[in-house]
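This report describes one protein chain for a reader who has not met it before. Please look through the sequence and the model first.

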Amino acid sequence: MKSLRIMTAVLALGLCVVSAAFAAPKKAITVASDATWPPMEFVDANKKVVGFDIDFINAVAKEAGLQVTVKNTAWDGIFAGVEAGQYDAIISSVTITPERQAKYDFTIPYVQIGQILVVPKAEKGTKIADLKGKKLGAQIGTTGAMEIKKVAGVELKTYDEVGLAFEDMAAGRIAGVVCDEPTAITYALQKKEYSSKFKIVGKSFTKEAYGIVVKKGNKELVAQLNKGIAAVQKKKIDAQLKKKWQLK
């Protein structure tokens with residue numbers, strides 16, 4: 001009787017192990033990204049969301065044992081969406097700041113960047129303070145917009161998408177655009193319609209770090225993503241992606 005009970009227990013345990021093996025798929029997460037910020041995240045000619053951040057989150061998810069779906073989400077509602085649980089995380093060139101850390105949880109940093117000024121080629125000014133009395137553009141709610149606000153005498157004009165700011169500058173409606181250096185390089189140096197009109201002036205004047213945003217208190221997901229980021233960095237996958245997307 002005793003041996004029968006032991007055998008039954010062993011069989012039950014074996015069934016549980018087998019069952020667990022088949023019933024433990026990768027956890028699926030949805031990640032929001034405002035795909036208007038090349039080369040980090042943008043919509044390509046095939047209407048597919050691509051960019052460094054997209055490749056990076058897919059690599060991180062693979063290393064962390066996660067399945068990821070990227071959702072193209074407008075910047076003006078992206079933080080409210082993660083708070084409301086519409087998606088699990090944000091990867092969208094989000095700078096880690098104390099103000100944002102008070103509201104959301106962040107992963108460890110994965111990219112270091114800085115803000116830089118782009119102006120028409122005829123402009124002689126090389127920094128924001130040189131453009132007093134003029135309008136400068138930036139995407140709303142970004143650190144670029146915050147930097148313009150710091151300078152008295154310069155008027156900030158905000159846009160839902162940074163591309164709209166460059167369009168306005170090409171039309172002569174604003175005197176400059178402040179944005180992350182990789183995006184500035186894309187618009188000022190690589191886009192055919194703008195490369196003959198714009199120039200980058202000076203050097204990047206902030207030191208910032210991007211992080212993946214998670215709803216406040218979701219420590220488990222932060223830990224999983226950090227594990228994936230650490231593996232991607234250890235294997236130099238991030239360096240390969242930087243080379244692919246022409247990041248410094």
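## A buried threonine and its surroundings

Thr73 is buried, with a relative accessible area of 11%. Here buried means under 20% relative accessible area, exposed means over 50%, and partly exposed lies in between, with a 1.4 Å probe and protein chains only. The model is a predicted one: local features need pLDDT of at least 70, side-chain atom pairs count only at pLDDT 80 or more, and totals for chains, interfaces and linings use all residues. Residues are numbered from 1 along each chain as its sequence is written, and side-chain values use heavy atoms, with hydrogens and water left out.

Thr73 sits in the loop between β5 (66-72) and α3 (78-83). Helices (H or I, at least four residues) and strands (E, at least two) are DSSP runs, numbered from the N terminus. In sequence, Thr73 and Asp34 are 39 residues apart, while in space they are 4.9 Å apart, C-alpha to C-alpha. With neighbours within four places in sequence left aside, Thr73 is in contact (heavy atoms within 4.5 Å) with Ala32, Ser33, Asp34, Ile78 and Tyr87. The side chain of Thr73 also reaches the backbone oxygen of Lys71 at 3.0 Å.

Ser33, one of the residues in contact with Thr73, belongs to strand β1 (residues 27-33). Ser33 is buried, with a relative accessible area of 1%. Beyond its neighbours within four places in sequence, Ser33 has contacts that include Glu41, Ile54, Val70, Ile91 and Ser92.

## The chain as a whole

The protein chain contains 10 helices and 15 strands. Of its 248 residues, 47% are buried. Among contacts between residues at least 6 apart in sequence, 68% join residues at least 24 apart. The accessible surface of the chain comes to about 13,100 Å², and 56% of it belongs to carbon and sulfur atoms. Such areas come from the Shrake-Rupley method with a 1.4 Å probe; for residues, only the protein chains shown count as cover.

## Nonpolar cores

A nonpolar core is a set of buried Ala, Val, Leu, Ile, Met, Phe, Trp, Tyr and Cys residues joined through side-chain atoms within 4.5 Å. The largest one has 46 residues, and those with the most contacts inside it are Phe52, Phe56, Tyr110, Phe166, Ile212 and Leu225. Helix α2 (residues 52-64) gives the largest share of this core, 7 residues. Another core, of 13 residues, lies apart from it and has Leu117, Ile128, Leu131 and Leu136 among its members.

Which residues does Leu225 contact, leaving aside its neighbours within four places in sequence? They are Ile29, Ile57, Val60, Leu66, Thr107, Ile212 and Val214.

## Covered elements

Strand β12 (residues 176-180) has 5 of its 5 residues buried, so it is largely enclosed by the rest of the structure. Two strands pair if DSSP finds at least two bridges between them. Strand β9 (residues 115-120) runs antiparallel to β12, and 4 bridges join them; Ile116 stands opposite Cys179 in β12. Strand β10 (residues 135-139) runs parallel to β12 and is joined to it by 2 bridges. Gly176 in β12 is the bridge partner of Leu136.

Helix α7 (residues 181-190) is mostly covered, with 8 of its 10 residues buried. Among them are Glu181, Ile185 and Tyr187.

## Helix α10 and unusual backbone positions

In helix α10 (residues 237-244), the buried residues are Ile237, Asp238 and Leu241. They cover an arc of only 95° around the axis, which puts them on the same side of α10; the arc is that of the directions from the helix axis to the C-beta atoms. These buried residues pack against α2 and α9 (219-234). The face turned away from the buried side carries the exposed residues Gln240 and Lys243.

Two residues beside α10 have a positive phi without being glycine.

| Residue | Place | Phi | Relative accessible area |
|---|---|---|---|
| Lys236 | loop between α9 and α10 | near 65° | 56%, exposed |
| Gln246 | segment after α10 | about 60° | 56%, exposed |

Elsewhere, the peptide bond from Pro38 to Pro39 is cis, with omega near 5°. Pro39 lies in the loop between β2 (36-37) and β3 (41-43).

Key. A polar contact is a pair of N or O atoms within 3.5 Å; within protein, one must be able to donate a hydrogen and the other to accept it, and residues adjacent in sequence count only if both atoms are side-chain atoms.
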